[in-house]
Amino acid sequence: MKKLFNLTALALLAFSAFAQAEELRVMTSGGFTAAYKVLSPKFAANTGNTLDTILGPSMGKAPEAIPNRLARGEQADVVIMVGYALDDLIKQGKVDPASRVELADSRIGLVVREGAPKPDISNVDALKKTLLDSQSVAYSDSASGVYIEQQLFKKLGIEDQLKPKAKMIPKIPVGSVVATGDYQLGFQQVSELLPVPGVSFVGKIPESVQSVTRFAAGIPVGAQHPQEAKALLAYLAAPAAQADVQATGLDSVKR
């Protein structure tokens with residue numbers, strides 16, 4: 001009888017915890033998405049909360065971009081995005097500054113079509129030669145692509161030569177247009193390249209010309225479930241989550 005009572009009490013406690021579970025609306029951008037897809041089911045299983053996830057870039061003119069969604073009045077409990085884009089939302093009063101949590105660093109990498117020879121990008125001179133010798137180059141419309149278009153080509157002194165054959169790819173993964181053979185080389189954050197089928201990962205571009213994008217998260221002002229949102233952010237940034245974060249091509253933040 002005592003054992004039955006204990007089991008009943010535990011069941012009631014479990015029901016009580018899950019009865020109070022909430023559905024969190026999460027907006028997340030590409031670079032952290034692979035890690036989020038691994039970690040979010042574990043958070044849901046541990047807490048009983050469910051996650052309504054919306055994907056969108058951290059910036060840009062696309063209506064799916066997180067800042068544009070918030071500007072239209074769409075509700076969110078958590079936003080996960082490029083750090084400086086999140087800081088802009090904080091300055092605009094749309095995200096609680098005290099809620100900001102740094103999640104991971106993302107570096108730019110290169111893919112070619114599966115089965116194609118992997119070019120040398122082991123140093124700056126090799127990267128420059130690979131770009132000059134290429135037939136076509138694709139890069140993203142988010143932070144990494146903006147850097148490539150506005151800074152990397154200039155740093156390498158090949159901006160004029162690359163203009164006719166390099167293109168920013170909006171909305172879809174860069175790897176997808178490399179997999180179809182539409183572009184020979186594809187540059188994007190590593191975590192966004194690795195999940196794409198039909199491509200081979202070559203490596204990260206040299207550190208001396210690398211652009212490291214910090215991903216961070218915050219809680220929008222007026223979030224319906226701020227306490228549960230805070231728990232999710234703590235979970236994503238926790239030491240226990242870092243093996244999963246690194247497995248997706250991201251680098252852990254030094255704390």
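Contact here means heavy atoms within 4.5 Å. Keep that in mind as we go. One caution: this is a predicted model.

Let's start with a helix and a sheet. Helix H10 covers residues 226-237. H10 lies across five strands: S1 (23-28), S2, S3 (78-82), S4 and S10. Against S4, helix H10 runs at about 35°.

What is the strand order in that sheet? The order is S2-S1-S3-S10-S4-S11. That makes six strands in an open sheet, with mixed pairing. The edges are S2, residues 50-55, and S11, residues 251-252. Each of these edge strands pairs on one side only.

Now the pairings, one by one. S1 and S2 are parallel, over six bridges. Arg-25 has Asp-52 in S2 as its bridge partner. Between S1 and S2 comes a helix, H2, at residues 30-47; S1, H2 and S2 make a β-α-β unit, and the unit is right-handed. S1 also pairs with S3, again in the parallel sense, over three bridges. There, Thr-28 has Ile-80 in S3 as its bridge partner.

S4 and S10 go the other way. Strand S4, residues 101-106, runs antiparallel to strand S10, residues 213-218, and five bridges join them. In general, strands of a sheet pair through backbone hydrogen bonds, either parallel or antiparallel.

Stay with S4 for one residue, Asp-105. Which residue stands opposite Asp-105 in S10? Arg-214 does. Their side chains also meet, in a polar contact of 2.4 Å. Is Asp-105 buried or exposed? Asp-105 has a relative accessible area of 12%, so it counts as buried, since the cut-off for buried is under 20%. Leaving out residues up to four places away in sequence, Asp-105 touches Val-212, Thr-213, Arg-214, Leu-250, Asp-251 and Val-253.

A second residue to look at is Arg-69. Arg-69 sits in helix H3, residues 66-71. Arg-69 is buried too, at 13% relative accessible area. Among the residues Arg-69 touches are Met-27, Ile-54 and Leu-55. Its contacts also include two glutamates, Glu-64 and Glu-74.

On to the other sheet. Five strands form this open sheet, in the order S7-S6-S8-S5-S9, and the pairing is mixed. S7 (166-169) and S9 (199-204) stand at the edges. Each has a single partner strand, so one side of each is left without a neighbour in the sheet. From one strand to the next, the twist averages 30°.

One pairing here: S5, residues 108-113, runs antiparallel to S9, with five bridges between them. Val-112 has Ser-200 in S9 as its bridge partner. Helix H6 packs on this sheet, touching S5, S6, S7 and S8 (185-189). The direction of H6 makes about 125° with that of S6.

That brings us to the aromatics. How many aromatic pairs does a search of the whole structure find? Two. Take Tyr-139 and Phe-153. Their ring centres are 6.1 Å apart. Why is the pair called edge-to-face? The planes stand at 80°, and edge-to-face needs over 60 degrees.

Where do the two rings come from? Tyr-139 belongs to strand S6 (residues 137-140), and Phe-153 belongs to helix H6 (residues 143-156). They are 14 residues apart, so the pair links distant parts of the chain. Tyr-139 is buried, at 4% relative accessibility. Phe-153 is buried as well, with a relative accessible area of 4%.

Notes:
Residues numbered from 1 in each chain as written. Predicted model: local features only at pLDDT ≥ 70, side-chain atom pairs only at ≥ 80, totals over all residues. Heavy atoms only, no water. Pairing = 2+ DSSP bridges. Helix = DSSP H or I, 4+ residues; strand = E, 2+ residues; numbered from the N terminus. Axes fitted to C-alpha atoms, helices over the stretch in contact; angles between N-to-C directions. Phe/Tyr/Trp six-rings, centres within 6.5 Å; stacked < 30°, edge-to-face > 60°. Buried < 20%, exposed > 50% of the residue type's maximum accessible area, 1.4 Å probe, protein only. Right-handed = clockwise from strand over helix to strand, strands pointing away. Polar contact = N/O pair within 3.5 Å; in protein donor to acceptor, adjacent residues only side chain to side chain.
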